[in-house]
Amino acid sequence: MSDHVYKQIKLTGSSTESIESAVKQALAKASRTVKNMRWFQVVDTRGHIENGQVAHWQVTIEVGFTLED
C-alpha cells in the first residue's frame, strides 16, 4: 500500500425516501466529477416536515478522496 494524501469535501444530499437514499444521491452526483472517493462520514441529519409528516430527508456528509499524483 502506498502513502496517500486525502482531501475532504462536504456534501448535502436529499431524498423523499430515506437517510440512506439521501447519502447515495449525494455520492452518485459527486462521483460524476470527483474521482478516487474513499470514505464518507455523516455529520448532520435533518428533515423537512409537511402536514406533520416527513417530506424529505437532508443528510450532510464529509467525503474523503485521494489526490492524484
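In what order do the three strands form the open sheet? In this predicted model, the order is β1-β3-β2, and the pairing is antiparallel. The strands β1 (6-15) and β2 (37-50) stand at the edges. Each has a single partner strand, so one side of each is left without a neighbour in the sheet. Neighbouring strands are turned by 15° against each other on average, with direction ignored.

Now follow the pairings. Start with β1 and β3. They run antiparallel and are joined by 10 bridges. One residue to find here is Ser14, whose bridge partner in β3 is Gln58.

Next, turn to β2 and β3. Strand β3 covers residues 53-66 and pairs with β2 over 12 bridges, again in the antiparallel sense. Trp39 has Gly64 in β3 as its bridge partner. Val42 is matched with Ile61 in β3. The two strands β2 and β3 form a hairpin, with two residues between them. Look at Asn51 in the turn: its phi is positive, at about 55°.

Side chains come next. In a regular strand they alternate between the two faces of the sheet.

Which residues make up the largest nonpolar core? There are 10 in all: Leu11, Ala22, Val23, Ala26, Ala30, Val34, Val59, Ile61, Val63 and Phe65. Two elements, α1 (19-30) and β3, give two or more residues to this core. Ile61 is a core member, and Ile61 is also the bridge partner of Val42.

Finish with Phe65, another core residue. Leaving aside neighbours within four places in sequence, Phe65 is in contact with Val5, Tyr6, Lys7, Ile9, Val34, Lys35, Asn36, Met37 and Arg38. Of these contacts, Val34 belongs to the core too.

Notes
Residues numbered from 1 in each chain as written. Predicted model: local features only at pLDDT ≥ 70, side-chain atom pairs only at ≥ 80, totals over all residues. Heavy atoms only, no water. Pairing = 2+ DSSP bridges. Helix = DSSP H or I, 4+ residues; strand = E, 2+ residues; numbered from the N terminus. Axes fitted to C-alpha atoms, helices over the stretch in contact; angles between N-to-C directions. Core = buried A, V, L, I, M, F, W, Y, C linked by side-chain atoms within 4.5 Å. Buried < 20%, exposed > 50% of the residue type's maximum accessible area, 1.4 Å probe, protein only. Contact = heavy atoms within 4.5 Å.
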